[in-house]
Amino acid sequence: MVQSANSGHPGAPMGMAPMAHVLWSKIMNYAPSKPNWYNRDRFVLSNGHGCALLYTLLHLAGYEQFDREQVTHFRQLGYRTAGHPESHYEGIEVTTGPLGQGFSNAVGLAMATEHLAATYHKDGFEGLFDNFTYVFCGDGCLMEGVTAEAASLAGHLALGRLIVLYDDNKISIDGSTDLSFTEDVTKRFESYGWEVLEVKDGDNDLAGIENAVNAAKKSLDRPTLIRVKTTIGLGSVKEGTSKVHGSPLGDEDLANVKKKYGFNPEEKFVIPEEVKATYEAAAKAGNEKAAQWQAAFEEYAKKHPELAAEITKRFESLPTREELLEQLPKFSPSDANLASRASSQKCLAVLNKTCPQLFGGSADLAPSNLTIVNDMTDFQKGNYAGKNIRFGVREHGMAAIVNGLSAYGGFVPYGATFLNFLGYCQGAVTLSALSGHHVFFIMTHDSIGLGEDGPTHQPVDKLLAARATPNLLLIRPGDGNEVAGTYAVVLSDPRPSVLALSRQGLPNLAESSAAKVANGAYVLIDVDGTPDAIIVATGSELHIAVKASKDEALKGRKVRVVSMPCWELFDEQSADYKLSVFPDGVPVVSVEAGCTTGWDKYAHASIGVETFGASGPAGQIYKKFGITGPAIAAKVEAAIKFYAGKTVASRVNRPF
């Protein structure tokens with residue numbers, strides 16, 4: 001595959017082939033005829049550059065999406081056999097490539113198994129959710145910090161159905177791991193609470209690999225790392241060196257490898273009958289197990305119809321936005337000012353009772369993020385039925401684990417931290433978006449409004465970072481009703497979302513609309529006739545924009561106020577709708593307590609924070625940066641005068 005493409009990574013697939021053969025032909029439960037069987041074993045190729053191996057396994061196992069046409073067009077445009085595995089396709093559980101992400105996703109996959117088992121297993125039906133999660137990883141994965149975070153939590157939680165096979169080949173791109181990676185991996189993982197086993201000859205000892213995996217399956221009180229000593233590029237003249245990592249072998253070396261293993265060097269993509277029969281038998285056994293599971297589930301449904309219906313609902317459907325809006329709390333101006341993080345907690349309190357898919361927690365900030373509600377208990381060893389995850393101070397690991405939970409199916413998981421720590425999470429959040437995981441991130445303390453903690457915690461750039469990520473919704477609600485509308489969107493829309501929520505209290509506005517959050521932007525306060533100007537704002541600046549529209553400096557001016565909680569949703573609206581909000585002939589001024597980059601898509605002038613923030617009481621900081629009613633009003637008046645007598649084209653009136 002690699003040679004035909006003249007591109008790719010042959011070394012890892014060649015070195016890991018023996019352990020892959022053992023796992024896929026003798027141990028793992030998978031069902032090509034029912035690839036999304038709930039209780040299938042999950043396989044994660046964390047070192048995703050070795051994907052030629054995964055595509056080969058899927059082809060041998062009979063997955064229809066990886067037929068001969070696909071595997072013979074490795075790394076070619078328009079084919080499923082991409083340069084790194086993408087979870088859009090059956091048989092690929094998670095998208096991997098950035099090292100350590102797959103390992104960390106696998107922790108989420110293993111958590112999902114334990115939570116579903118603890119929630120739904122009843123007498124006589126203990127096998128509904130008892131699958132194992134298997135991971136292949138290399139030295140690079142173990143060097144990444146995200147792996148340390150996830151492995152530490154996995155050990156704490158004693159996730160016994162998580163088994164990692166470590167491709168211990170002592171080679172990285174630069175050369176020998178002696179250059180940069182000399183820690184004692186065994187002691188490291190034992191200190192995390194893992195069992196560590198070793199196979200000294202992973203090139204030849206197939207029985208040893210099988211015995212090690214079967215031993216790991218019996219250790220249900222802790223996760224297992226199996227150190228499999230392998231040779232990168234096994235069989236190549238360059239085996240055991242970094243030269244075989246990321247470049248094709250070359251025709252001569254490939255021919256010699258084929259000869260060494262008894263193949264005709266002139267033939268390509270040939271599968272011996274013995275190999276074909278072996279994998280057909282493995283697939284047949286897996287298909288039969290899937291059918292047996294389905295029969296057991298039907299019996300379960302007879303005895304526990306409500307629980308069975310709930311399981312099916314979790315995996316097969318989502319609540320509608322209309323249903324959610326009916327369930328979620330309503331807020332009025334007579335209510336006390338409430339931080340949007342507190343409004344979020346009130347929404348979670350309702351949804352935790354009505355949406356079994358919800359499962360998540362905070363990175364050691366639950367009292368600040370306000371993610372614990374009702375009589376929610378912790379997901380811990382001994383209480384896997386708990387719905388609150390204590391991620392600890394592991395933001396990156398948290399985001400990657402949440403992706404794994406989503407990948408399992410049956411969950412709409414979430415993680416919470418301060419918005420400024422989106423930077424810690426970004427690698428995993430990018431994969432949330434690339435993979436299309438239905439996850440959301442509750443990110444509070446979203447602006448200079450957090451006050452005294454100062455610029456190290458004030459995320460002046462993070463709103464833009466989220467908005468710049470394709471297929472990711474950044475929603476910044478302005479009051480309680482918009483928070484409710486935000487939850488109606490994030491639970492019904494399968495895309496990943498970031499919720500930017502305030503620390504400081506916000507008034508509930510009489511004109512705000514939960515339903516209109518789905519439009520991305522809407523007219524909050526309108527005027528008779530054509531406006532002289534429009535103020536568009538988000539989040540905690542929305543009520544300030546309302547004050548500005550009524551300020552003495554704008555007396556006699558007709559000023560429309562637009563709430564814009566989500567750029568991405570607004571961009572998806574029709575051209576007519578967008579022009580109804582931002583019509584031609586009217587200057588628009590944006591107001592947001594963050595950097596102004598990007599606002600020129602909608603506004604002719606912008607008010608924001610173009611430097612790092614400051615430490616002090618929130619009100620004083622807002623005044624320092626000119627985000628007050630009078631200061632905004634003065635600038636809006638200046639904009640009106642600047643554009644007087646000029647042609648003002650709406651920024652949303654574009655050809656494409």
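I began with the largest pocket of this predicted model, and I noted that about 1800 Å³ of space lies in this pocket. I then looked up which residues stand closest to its centre, and of the 43 that line the largest pocket these are Met14, Ala17, Thr56, Phe263 and Val270. Turning to the elements, I found that those giving two or more residues to this lining are α1 (2-5), α2 (11-27), α3 (51-61), α4 (68-71), α10 (251-260) and α11 (273-303). I also sorted the lining of the largest pocket by class, which gave 28 nonpolar, seven polar and eight charged residues.

Next I went to the second largest pocket, for which I wrote down a volume of about 710 Å³. Its lining has 30 residues, and I recorded Asn36, Ser406, Ala407, Tyr408 and Gly409 as the closest to the centre of this second pocket. The elements that contribute two or more residues to the lining of the second largest pocket are α12 (305-316) and α16 (395-408). By class, I listed 11 nonpolar, 13 polar and six charged residues for the lining of this second pocket.

I then turned to the strands. For strand β1, residues 42-45, I checked both faces and found them covered, with Arg42 and Val44 buried on one side and Phe43 and Leu45 buried on the other. I followed β1 to its partner, strand β2 (residues 133-137), and noted that the two run parallel and are joined by four bridges. Within this pairing, I looked up valine 44 once more and saw that it stands opposite valine 135 in β2.

How values were computed:
Residues are numbered from 1 along each chain as its sequence is written. This is a predicted model: local features need pLDDT of at least 70, side-chain atom pairs count only at pLDDT 80 or more; totals for chains, interfaces and linings use all residues. Side-chain values use heavy atoms; hydrogens and water are left out. Buried means under 20% relative accessible area, exposed over 50%, partly exposed in between (1.4 Å probe, protein chains only). Two strands pair if DSSP finds at least two bridges between them. On a 1 Å grid over the protein atoms alone, a cavity is a set of points where a 1.4 Å probe fits but cannot get out, and a pocket is an open set with protein on both sides within 12 Å along at least five of seven lines; lining residues have an atom within 4 Å of a point. Grid points are joined across faces, edges and corners, and a volume is the space filled by probe spheres set on the points. Ala, Val, Leu, Ile, Met, Phe, Trp, Tyr, Cys and Pro count as nonpolar, Asp, Glu, Lys and Arg as charged, and the others, Gly among them, as polar.
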